[in-house]
Amino acid sequence: MEKIIEKADVLIEALPYIRTFHRKVIVIKFGGSMLMNDDIRKDILQDIVFLSLVGIRPVVVHGGGPVIDQKMKAVHIQPQFVDGLRVTDKKTIPIVIEALSDLNKQIVDEIEQLGGKADGLDGTRKILKVKRHSLFKDIGYVGKMSSVNERSINKLTSRHYIPVIAPLGVIENGKTRYNVNADDAG
């Protein structure tokens with residue numbers, strides 16, 4: 001009985017926030033390191049589904065650094081970073097795309113198992129538009145955010161779907177996918 005009362009208290013406390021954010025889009029950046037812990041990931045996804053069910057419109061932007069690192073090390077490639085950005089050359093961009101796409105599908109599946117509706121956006125639907133990142137050193141297929149296709153995101157959230165966005169953007173030609181720092185994509 002105490003747990004029920006505790007849960008009721010939490011919901012009563014949350015009510016003003018639910019009213020304030022009802023029908024509003026909120027962007028949640030889900031870091032790659034948190035995704036690696038099954039319990040934390042499930043708890044956060046449960047909260048995201050709850051937000052959706054009470055009428056808040058969450059949009060998830062996820063990272064994936066640890067998963068990318070694992071996949072790179074499995075093929076004997078040492079991850080490299082310049083100013084906090086992953087060097088993503090011709091050899092590593094397919095690994096990055098695969099890792100982020102797999103993770104995106106996993107998050108979507110888990111949201112749906114928890115009773116939510118989700119749609120994975122892994123760069124193929126041109127949600128994130130980028131320009132090639134320009135640093136003093138060539139870091140390959142790394143993009144810097146230039147725009148977001150808000151119309152597509154709003155269309156999904158208005159139909160009660162949770163967009164799950166992988167940090168992969170396209171440049172002007174619309175074909176080449178670029179790795180984007182998830183902090184910038186959110």
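**Note on charged pairs and one helix face**

1. Asp-102 is partly exposed, since its relative accessibility is 35%, and in this predicted model Asp-102 forms a salt bridge with Lys-71, whose closest N and O atoms are 3.5 Å apart. Asp-102 belongs to helix H5 (residues 93-113) and Lys-71 to helix H4, so this pair ties together parts that lie 31 residues apart in sequence. Lys-71 likewise counts as partly exposed, at 27% relative accessibility.

2. Side chains of opposite charge can pair when their charged atoms come close. A search of the whole structure finds six salt bridges, and one of them joins Asp-69 to Arg-86, with the closest N and O atoms 2.8 Å apart. Here Asp-69 sits in helix H4 (residues 65-74) and Arg-86 in strand S4 (residues 85-86), so that the pair links distant parts of the chain, 17 residues apart. Arg-86 is buried, because its relative accessible area of 9% falls under 20%.

3. The side chains of Asp-119 and Arg-125 also meet in a salt bridge, at 2.9 Å from N to O; Asp-119 counts as buried at 18% relative accessibility, whereas Arg-125 is partly exposed at 42%. In addition, Asp-38, Arg-41 and Glu-110 are joined into one network by salt bridges that share partners.

4. Which residues of helix H6 (residues 150-158) are buried? They are Ile-153, Leu-156 and Thr-157, and, seen down the axis of H6, the buried residues fall within an arc of 95°, so they line one face of the helix. Arg-151 and Lys-155, on the other side of H6, are exposed.

5. Glu-2, Glu-6, Asp-9 and Glu-13 form a negative surface patch. Of these, Asp-9 is placed in helix H1 (residues 2-21) and is partly exposed, with a relative accessible area of 46%.

Technical notes
Residues are numbered from 1 along each chain as its sequence is written. This is a predicted model: local features need pLDDT of at least 70, side-chain atom pairs count only at pLDDT 80 or more; totals for chains, interfaces and linings use all residues. Side-chain values use heavy atoms; hydrogens and water are left out. Patches are made of residues with over 30% relative accessible area and no salt bridge: like charges are joined within 9 Å, nonpolar side chains (Val, Leu, Ile, Met, Phe, Trp, Tyr) within 5 Å. Accessible areas come from the Shrake-Rupley method with a 1.4 Å probe; for residues, only the protein chains shown count as cover. A salt bridge is a side-chain nitrogen of Lys or Arg within 4 Å of a carboxyl oxygen of Asp or Glu. Lys and Arg count as positive and Asp and Glu as negative; His and the chain ends are not counted. The place of a charge is taken as NZ of Lys, CZ of Arg, CG of Asp or CD of Glu. Helices (H or I, at least four residues) and strands (E, at least two) are DSSP runs, numbered from the N terminus. Buried means under 20% relative accessible area, exposed over 50%, partly exposed in between (1.4 Å probe, protein chains only). The arc is that of the directions from the helix axis to the C-beta atoms.
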